[in-house]
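Colleague: I should like to request a close look at a single part of this model, followed by an account of how it fits into the whole. Please define each term as you reach it.

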Amino acid sequence: MIDNNKMKTGLAAIALAASVPHAAATNGDHMLGLSAIQNGMAGAVVAAPQEATTVLVNPAGMAELNIKDVRFDLGVGFLNPVREVNGFDSDSNLYMMPSGAVAFRVDDQLTLGLGLGGVSGSGVDFPDTMAAPGYQSLVTTKQFFKVAPGFAYRVTDSVSIGATVNLNYQSLALSGFSPTGRFDLPQNQVFGWGVTAGLIWKLNPQLQFGAAWSSKQNMSEFEWNTPAGKITMDMDAPQTFTVGLAWKPMPGLLIEGDIKRIWYSDVLDKLSFGRPAGYAGAVPAAIPFGWSDQMVYAVGIQQDIGEKTQVRAGFNYGESPIGPEDVNANLGSLAVVEKHLSLGVSRKFSEKVTGSLSYVHAFNNSVKSNVAPFNTIDLKQNQLNMQISYQF
C-alpha cells in the first residue's frame, strides 16, 4: 500500500515540477540544435557554423558564412517525447518548434543578424500518475521563446567575434494538487533578457576553434492573482559555456567535437513562491527541484557527396541533471534522456536555395527515486527538423 500522506507530498511535486522546461529540449532544458543542420551534427556546431541560425548559438559564426550579401534560414521541428511516470503515459506527445534567422553582410568585416526560435516548452497531460485512487491527473503548459539581434566582426583573417542581446518570452500554467488541496495558476507570461558572446579562431587551414558564452537569462517574476492574494515565482534560464574544435582533414569532410557546461544548479535547484502574509492555501513556499549542473559532449561528422549533397551524423551525451534523489520533485519535468543519435542531409536545389532534413533519436532513460515514494520516470524522444536556406 502507498502511504497517503507521502502520495500527496509527491503529487505536490508533480504539479509544481511542470514549471521546469521539460519537453522541447534534450540536454536538460536545452535543445541540441535550433535547425536541421545543427541537429544533424548533434549540436556540435560552435566551431564551424554553416548557417544564419548560428546567431542563436555562436554569433561570431555569422562572419564565417560563405555569403556575399545575405542568408536566410527558416525551419520547423516536430518533437515526439514519449514520457512515463510509474508506467503511465502522457497523452501530449507531439510539439512543433519553429525557428528562423537572417545574416546581412555589411562589408568584409561586419555582419548583422537576427534569430528567433522556440527554445523550450510544451507540457504534459497525465490522466494518471500512480496506481492509487485520487489526485492522479496532471496537465500543464509552458513555452520559452527567444529573439536575438546581434553582430559578428572579422577582426583578422583568422579571428572573428560576435555578440547578441537575447530578448526572451516565457509563459506558464500550473494546475494540480498539494497536501493542502487543489490549486490552479492560469496561463501567464513574462519577459526577460540576457546576452551571448562568441569567438571563432582559425588555427590553420584544417583546424578551427570556437567558443560561446551565454549569460543567465534574467526573467521577470510570474504573478498570479488568486482569491487568497498574489502568488509570484521567479524562474530564470541558466548560464552556458561551450567550446569546440572543428577539423577538415580533406576537402568535403568536416569533423567537430564540442563540450558544453550548463549551470542548472543556479536556477533550478530550488524555486520559491512569493505568497501573501498569513497564506494557508495549496501553493507551497518552495519546491526543491535539485537540478545539477550538466556537461554535454557532442561530436558530428559531415561529408560532401558530389557538389549538391551533404550527409551528417552525430552523437550527443549529457548526464541527466535529475538524479534518483530528485525524482519525486520532478514528476512533471522528465528531462532525463542522456544519449542521442542524429542523422541529417542537405541538398542544393540551385545556387541560392538549399533544403535540409534531420532526425534525432534520444534513447530511453529511466530514473527511479531512491527515497519513498519510489516513483519512476522514463523518457525517450524522436525529433524531425526541416529547413530551407536562401543566400546570395
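Where is the place of Asn-375?

Modeller: Asn-375 is placed in the loop that joins β21, residues 353-368, to β22, residues 376-391 (strands are DSSP runs of E with at least two residues, helices are runs of H or I with at least four, and both are numbered from the N terminus). The model is predicted: local features need pLDDT of at least 70 and side-chain atom pairs need 80 or more, while totals for chains, interfaces and linings use all residues. Residues are numbered from 1 along each chain as its sequence is written, and side-chain values use heavy atoms, without hydrogens or water.

Is Asn-375 buried or exposed? With a relative accessibility of 4%, Asn-375 counts as buried (under 20% relative accessible area with a 1.4 Å probe and protein chains only; exposed is over 50%, and partly exposed lies in between). The side chain of this loop residue, Asn-375, is also in polar contact with the side chain of Asn-328, at 2.7 Å (N or O atoms within 3.5 Å, one able to donate a hydrogen and the other to accept it; residues adjacent in sequence count only if both atoms are side-chain atoms).

The wider setting can now be described. The chain contains three helices and 22 strands, and 55% of its 392 residues are buried. Asn-375, at 4% relative accessibility, belongs to the buried class. Of the contacts in the chain with a separation of 6 or more, 66% are between residues 24 or more positions apart (contact means heavy atoms within 4.5 Å).

Ser-99, in strand β3 (residues 95-105), offers a further buried example. Its relative accessibility is 11%, and therefore Ser-99 counts as buried. Leaving aside residues up to four places away in sequence, Ser-99 touches Leu-34, Asp-73, Leu-74, Gly-75, Leu-116 and Gly-117. With Leu-34 there is also a link through the side chain of Ser-99, which reaches the backbone oxygen of Leu-34 at 2.6 Å. Ser-99 and Leu-56 are 43 residues apart along the chain, and their C-alpha atoms are separated by 10.0 Å.

A third buried residue leads to one of the sheets. Leu-271 is part of strand β16, residues 271-274, and it counts as buried because its relative accessibility is 3%. Between the C-alpha atoms of Leu-271 and Met-233 there are 7.4 Å, although these residues stand 38 positions apart along the chain.

Strand β16 belongs to an open sheet of four strands, in the order β12-β13-β16-β17, with antiparallel pairing (two strands pair if DSSP finds at least two bridges between them). In general, the strands of a sheet pair through backbone hydrogen bonds, in either a parallel or an antiparallel manner. Which strands stand at the edges of this sheet? They are β12 (222-226) and β17 (286-287); each has a single partner strand, so one side of each is left without a neighbour in the sheet. The partner of β12 is β13, residues 229-233, and this antiparallel pair is held over five bridges. Within it, Glu-223 stands opposite Thr-232 of β13.

To return to the request, Asn-375 lies in the loop between β21 and β22, is buried at 4% relative accessibility, and has a side-chain polar contact to Asn-328.
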